[in-house]
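Colleague: Could you take me through one part of this predicted model with care, namely the way its strands pair with one another, and then show me what lies around that part? I would like one connected account that a first-year student can follow against the picture.

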Amino acid sequence: MDNAGIEEMFQGLGPVTVKRMFGGKGIYHLGRIIALEVRDEMLLKADETSAPEFVAAGATQWTYEGKKGKPVKMPYWSIPDEAYDDPDLMAKWVRLAYEASLRAE
């Protein structure tokens with residue numbers, strides 16, 4: 001996804017900054033990372049407070065294969081499919097990501 005598309009996706013939250021990182025992109029709002037684009041998939045930050053909402057919506061948690069082949073779970077989740085067609089619903093999910101970022105401090 002190009003930067004203009006990412007900015008449009010996050011418009012319900014406000015302005016975002018997109019930075020290239022480890023083969024993907026980091027998406028920041030007010031200096032806090034709120035999402036990653038990895039292998040053409042957008043992933044939103046979540047924590048123990050917001051992760052249950054992602055699970056209930058059918059989202060999946062990002063994992064990668066760590067040392068010795070063990071999966072490592074990261075605090076980023078897929079965006080529920082219906083949010084891609086509904087700007088108000090997308091705004092809800094990106095706000096949850098920002099709130100998780102605030103709690104991470």
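Modeller: Strand 5, which covers residues 61-65, pairs with strand 6 in the antiparallel sense, and four bridges join the two. One place to see this pairing is Glu65, whose bridge partner in strand 6 is Pro71. The two strands form a hairpin with five residues between them, and in this hairpin Lys68 takes a positive phi near 60°. Strand 6, which spans residues 71-78, also pairs with strand 4, again in the antiparallel sense, over three bridges. Here Leu43 can serve as a landmark, since its bridge partner in strand 6 is Ser78.

Turning to the earlier strands, we can follow a second set of pairings, with strand 2 as the guide. Strand 1, residues 17-21, runs antiparallel to strand 2, and the two are paired over five bridges. Strand 2 is also joined by five bridges to strand 3, residues 32-38, and these two strands run antiparallel as well. Gly26 is a helpful residue to find in the picture: Lys19 stands opposite Gly26 in strand 2, while the bridge partner of Gly26 in strand 3 is Leu36. Both pairings are hairpins, and each of them can be recognised by its turn. Between strand 1 and strand 2 there are two residues, and in that hairpin Phe22 has a positive phi near 25°. Strand 2 and strand 3 likewise have two residues between them, with Leu30 in the turn showing a positive phi of about 50°.

How many of the residues of strand 2 are buried? Six of the six residues in this strand, residues 24-29, are buried, a term that stands for a relative accessible area under 20%, and therefore strand 2 is largely enclosed by the rest of the structure.

Around the strands there are contacts between side chains that are worth following, and by the rule used here there are two salt bridges. In one of them the side chains of Arg103 and Asp47 meet, at 2.7 Å from N to O. This pair links distant parts of the chain, because Arg103 belongs to helix 3 whereas Asp47 sits in the loop between strand 4 (41-45) and helix 2 (51-56), and the two are 56 residues apart. Arg103 is partly exposed, with a relative accessible area of 38%. In the other salt bridge the side chains of Glu53 and Lys92 meet at 3.7 Å, N to O. Glu53 lies in helix 2 and Lys92 in helix 3, so this pair ties together parts that are 39 residues apart in sequence. Glu53 is partly exposed at a relative accessible area of 35%, and Lys92 is partly exposed too, at 32%.

Helix 3 leads us on to the largest pocket, which has a volume of about 210 Å³. It is lined by 13 residues, and those closest to its centre are Glu8, Met9, Tyr84, Pro87 and Met90. Helix 1 (3-9) and helix 3 (87-103) are the elements that give two or more residues to this lining. By residue type, the lining of the largest pocket divides into seven nonpolar, three polar and three charged residues.

Finally, the record can be set beside the model: in an unreviewed entry, UniProt lists residues 8-100 as "domain: TfoX N-terminal". Over residues 8-100 the chain is 24% helix and 39% strand, and the end C-alpha atoms are 21 Å apart.

Technical notes. Residues numbered from 1 in each chain as written. Predicted model: local features only at pLDDT ≥ 70, side-chain atom pairs only at ≥ 80, totals over all residues. Heavy atoms only, no water. Buried < 20%, exposed > 50% of the residue type's maximum accessible area, 1.4 Å probe, protein only. Pairing = 2+ DSSP bridges. UniProt positions renumbered as here; feature names shortened; annotations may be inferred. 1 Å grid on protein atoms, 1.4 Å probe; cavity = no way out; pocket = protein on both sides within 12 Å on 5 of 7 lines; lining within 4 Å. Points joined across faces, edges and corners; volume = space filled by probe spheres on them. Nonpolar A, V, L, I, M, F, W, Y, C, P; charged D, E, K, R; others polar. Salt bridge = Lys/Arg side-chain N within 4 Å of Asp/Glu carboxyl O.
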